[in-house]
Amino acid sequence: MTSKPTFADAVTFRQLGNVDLQAVASVQLKSWRGTYAGVLPDEYLGAPMASDITRRWSTGLTPLDALWGAVDDAGTLLGFAAVRLGKAPYLDNLHVLEEARGSGVSYRLMAHVADALARIGASDLWLTVVDSNLRARAFYNRLGGREGEAKADEMFGNAVVSLPVYWSDLTELSKNARQVVSPLDGGEAGT
């Protein structure tokens, strides 16, 4: 039996910029192909999805975009979080490569994001999640996220049902994320 690698000491969390966007698109594409198989139409998961994701990240970041990543000691982007800044920051994307799931990277990335947002004066965070993405919903629940009411939505022109998830205290979010991943075990369920 092979065990998941632990990246506990080999991961750096940093702000990402336009130079990182090709790697960001690659991580998102790999993540979505695994996460949304059976949710989005099969014909969308190939070239159309790749085109949409490439287009999303090829325009560059705006002043309202904040992007943080988890990078291993070889410089490989293991995961990223993209936040749309505003009165209530919106977590637009959170993706971690399959090989980094179960290592604590997702939780540590969320703690890093919460801390970074708090440093710039934000106090809360929200996102939307597809209702059938049970792994992500469980992850956000472990972090203390409060789910709102499900509603019809769309993802790149495809009909889905989504629900909002809210955190009203970034300090609490950071604390919850750090408590889930003990420095002794490095474990997580992943997103």
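This passage walks through the aromatic pairs, the strands around strand 8, helix 3 and the hollow spaces of a predicted model.

A good place to start is the rings. Seven aromatic pairs turn up in the model. One of them joins Trp-32 and Tyr-36, whose ring centres are 5.4 Å apart; with 85 degrees between the planes, and anything over 60 counting as edge-to-face, the pair falls into that class. Both partners are tucked away: Trp-32 has a relative accessibility of 7%, so it counts as buried, and Tyr-36, at 9%, is buried as well. Trp-126 and Tyr-166 make a pair of the stacked kind, with 6.3 Å from centre to centre and 20 degrees between the planes. This pair ties together distant parts of the chain, since Trp-126 belongs to strand 5 (residues 125-130) and Tyr-166 to strand 8 (residues 158-167), 40 residues apart. Neither ring residue here is buried: Trp-126 is partly exposed at 28% relative accessibility, and Tyr-166 is partly exposed at 34%.

Rings also gather in a group. Tyr-107, Phe-139, Tyr-140 and Trp-167 are linked by ring pairs into a cluster. A ring can have a charge for company too: the charged end of Arg-56 sits over the ring of Trp-57, 3.8 Å from the ring centre.

Strand 8 comes up again and again once the strands are considered. Seven of its ten residues are buried, so the rest of the structure largely encloses this strand. Strand 5 pairs with strand 8 in the antiparallel sense, over six bridges, and within strand 8 it is Val-165 that stands opposite Leu-127. Strand 6 (residues 146-147) also pairs with strand 8 in the antiparallel sense, this time over two bridges. Here Arg-146 faces Tyr-166 of strand 8, and Tyr-166 is the residue that stacks with Trp-126. Strand 7 (residues 151-155) is antiparallel to strand 8 as well, and five bridges join the two. Asp-153 has Val-160 of strand 8 as its bridge partner. How many residues lie between strand 7 and strand 8 in their hairpin? There are two, and Phe-156 in the turn has a positive phi of about 50 degrees.

Helix 3 (residues 105-119) gives a simple check on geometry. Its 15 residues should span 21 Å at 1.5 Å a residue, and the C-alpha atoms at its ends are indeed 21 Å apart, so expectation and model agree. The helix is mostly covered, with eleven of the 15 residues buried. Among those buried are Tyr-107, Leu-109, Met-110, His-112 and Leu-117; Tyr-107 is also part of the ring cluster with Phe-139, Tyr-140 and Trp-167. Just past the helix, Gly-121 adopts a positive phi of about 95 degrees.

Next come the hollow spaces. The largest pocket has a volume of about 540 Å³. It is lined by 28 residues, and those closest to its centre are Trp-32, Tyr-36, Asp-92, Thr-128 and Met-155. The edge-to-face pair of Trp-32 and Tyr-36 therefore reappears here. Helix 1 (21-35), strand 4 (90-96), strand 5, helix 4 (134-142), strand 7 and strand 8 each give two or more residues to the lining of this pocket. Strand 4 provides the largest share, with six residues.

A search of the whole structure for cavities of 30 Å³ or more finds one. The largest cavity has a volume of about 40 Å³. Its lining includes Arg-56, Leu-61, Ala-82, Val-83 and Asp-92. Arg-56 is the residue whose charged end sits over the ring of Trp-57, while Asp-92 is among the residues closest to the centre of the largest pocket. Strand 2 (65-72) and strand 3 (77-84) each supply at least two residues of the cavity lining.

One last residue is worth a look. Arg-14 lies in strand 1 (residues 11-15) and is partly exposed, with a relative accessible area of 34%. How far apart in sequence and in space are Arg-14 and Ala-70? They are 56 residues apart in sequence, and their C-alpha atoms are 6.8 Å apart in space.

How values were computed:
Residues numbered from 1 in each chain as written. Predicted model: local features only at pLDDT ≥ 70, side-chain atom pairs only at ≥ 80, totals over all residues. Heavy atoms only, no water. Phe/Tyr/Trp six-rings, centres within 6.5 Å; stacked < 30°, edge-to-face > 60°. Buried < 20%, exposed > 50% of the residue type's maximum accessible area, 1.4 Å probe, protein only. Helix = DSSP H or I, 4+ residues; strand = E, 2+ residues; numbered from the N terminus. Lys NZ or Arg CZ within 6 Å of the ring centre and 35° of its normal. Expected span 1.5 Å × (residues − 1). Pairing = 2+ DSSP bridges. 1 Å grid on protein atoms, 1.4 Å probe; cavity = no way out; pocket = protein on both sides within 12 Å on 5 of 7 lines; lining within 4 Å. Points joined across faces, edges and corners; volume = space filled by probe spheres on them.
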